[in-house]
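Guide: Hi there! Have a look around first, then ask me whatever you like, and we'll work through the reasoning together.

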Amino acid sequence: MKFADCHLHSICSFDADRDATFENIVASAEKRGDIFALAITDHFEVNALYEDIDSPYDAQKTNEYITSKIDSYKGPLKLSYGVELAQGYQFPCDALSFLEKYKPTTVNCSLHNARGQRDFYYIDFKNFTQDMIKEMWDKYIKELS
């Protein structure tokens, strides 16, 4: 069986390991032998354009880095430039503008934080009660509605 991974972050994402260079990602996939395709989908938290959140993203630099590496790759893997587009529905004009300008071939949509809240990743859930968990879940579902 062969696999495709369409949710990979390179060094262009704030939460990626510093060893997550294009070369290391590709070498790891080739070494496995059971992967036929990869999509490099670095984070673009659309709300970061307007809110002070911990997610720097340089769209131009990321696009140039990934597409130039893909263009020069001569190996067996099918590679694509993509994006993890987070909170795009909160600022649809900015999300659409990004998609039209950079034309990623893979788009993973995600929700990392409800409006006006910190990224779920940074919330310490250790001391949450069942009611607090349900309240957070309800906010998440409402945000998607």
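Visitor: Let's start with one residue: is Thr-41 buried or exposed?
Guide: Keep in mind that you're looking at a predicted model. A residue counts as buried when its relative accessible area is under 20%. Thr-41 has a relative accessible area of 0%, so the verdict is clear: buried.

Visitor: Where in the chain does Thr-41 lie, and which residues further away in sequence is Thr-41 in contact with?
Guide: Thr-41 lies in strand S2. To find its contacts from further along the chain, we skip the neighbours within four places in sequence. That leaves Cys-6, His-7, Leu-8, His-9, Gly-82, Val-83, Glu-84, Thr-106 and Asn-108.

Visitor: How many residues of S2 are buried?
Guide: Strand S2 covers residues 35-45. The rest of the structure largely encloses S2, because the buried count is 10 of its 11 residues.

Visitor: OK, zooming out: in what order do the strands sit in the sheet?
Guide: The sheet is open, has 4 strands and uses parallel pairing. Strands S1 (3-8) and S4 (106-110) each have a single partner strand, so they stand at the edges, with one side left without a neighbour in the sheet. From one strand to the next, the twist averages 20 degrees. Put together, the order is S1-S2-S3-S4.

Visitor: How many bridges join S2 and S3?
Guide: Let's go across the sheet pair by pair. S1 and S2 pair in the parallel sense over 4 bridges, while S3 and S4 do so over 5. For S2 and S3, also parallel, the number of bridges is 9.

Visitor: Can we get down to single residues? Which residue in S2 is the bridge partner of Phe-3?
Guide: There are a few bridges like this to look at. Asp-5 has Leu-38 as its bridge partner in S2, and Val-83 has Val-107 as its partner in S4. For Phe-3, the partner in S2 is Ile-35.

Visitor: Which helix packs on the sheet by touching S2, S3 and S4?
Guide: Two helices are worth comparing here. Helix H1 (residues 22-32) packs on the sheet by touching S1, S2 and S3 (78-86), and its direction makes about 150 degrees with that of S2. The helix you're after spans residues 92-102 and makes about 165 degrees with the direction of S3, and that's H3.

Visitor: What pattern does the chain follow along the sequence?
Guide: Count the pieces first: the chain has 4 helices and 4 strands. Now read along the sequence with α for a helix and β for a strand, and you get β-α-β-α-β-α-β-α.

Visitor: Back to S2. Which residue in S3 is the bridge partner of His-43?
Guide: His-43 is found in strand S2, and its 5% relative accessibility means it counts as buried. Apart from neighbours within four places in sequence, its contacts include His-9, Tyr-57 and His-112. Glu-84 is on that contact list too, and the bridge partner of His-43 in S3 is indeed Glu-84.

Visitor: How far apart in space are His-43 and Ala-16?
Guide: In sequence, these two are 27 residues apart. In space, going from C-alpha to C-alpha, the distance is 9.6 Å.

Visitor: What about Thr-62: which residues does it touch?
Guide: The place of Thr-62 is in helix H2 (residues 59-72). At a relative accessible area of 2%, Thr-62 is buried. Not counting residues up to four places away in sequence, it touches Cys-12, Asp-42 and Tyr-57.

Visitor: Is Phe-91 buried or partly exposed?
Guide: Phe-91 is found in the loop between S3 and H3. Among the residues it touches are Val-46 and Tyr-50. The cut-off for buried is under 20%, and Phe-91 has a relative accessible area of 22%, so it counts as partly exposed.

Visitor: Last one: what share of the chain's residues counts as buried?
Guide: Strand S3 is mostly covered, with 8 of its 9 residues buried. Taking all 145 residues of the chain, the buried share is 41%.

Terms used:
Residues numbered from 1 in each chain as written. Predicted model: local features only at pLDDT ≥ 70, side-chain atom pairs only at ≥ 80, totals over all residues. Heavy atoms only, no water. Pairing = 2+ DSSP bridges. Helix = DSSP H or I, 4+ residues; strand = E, 2+ residues; numbered from the N terminus. Axes fitted to C-alpha atoms, helices over the stretch in contact; angles between N-to-C directions. Contact = heavy atoms within 4.5 Å. Buried < 20%, exposed > 50% of the residue type's maximum accessible area, 1.4 Å probe, protein only.
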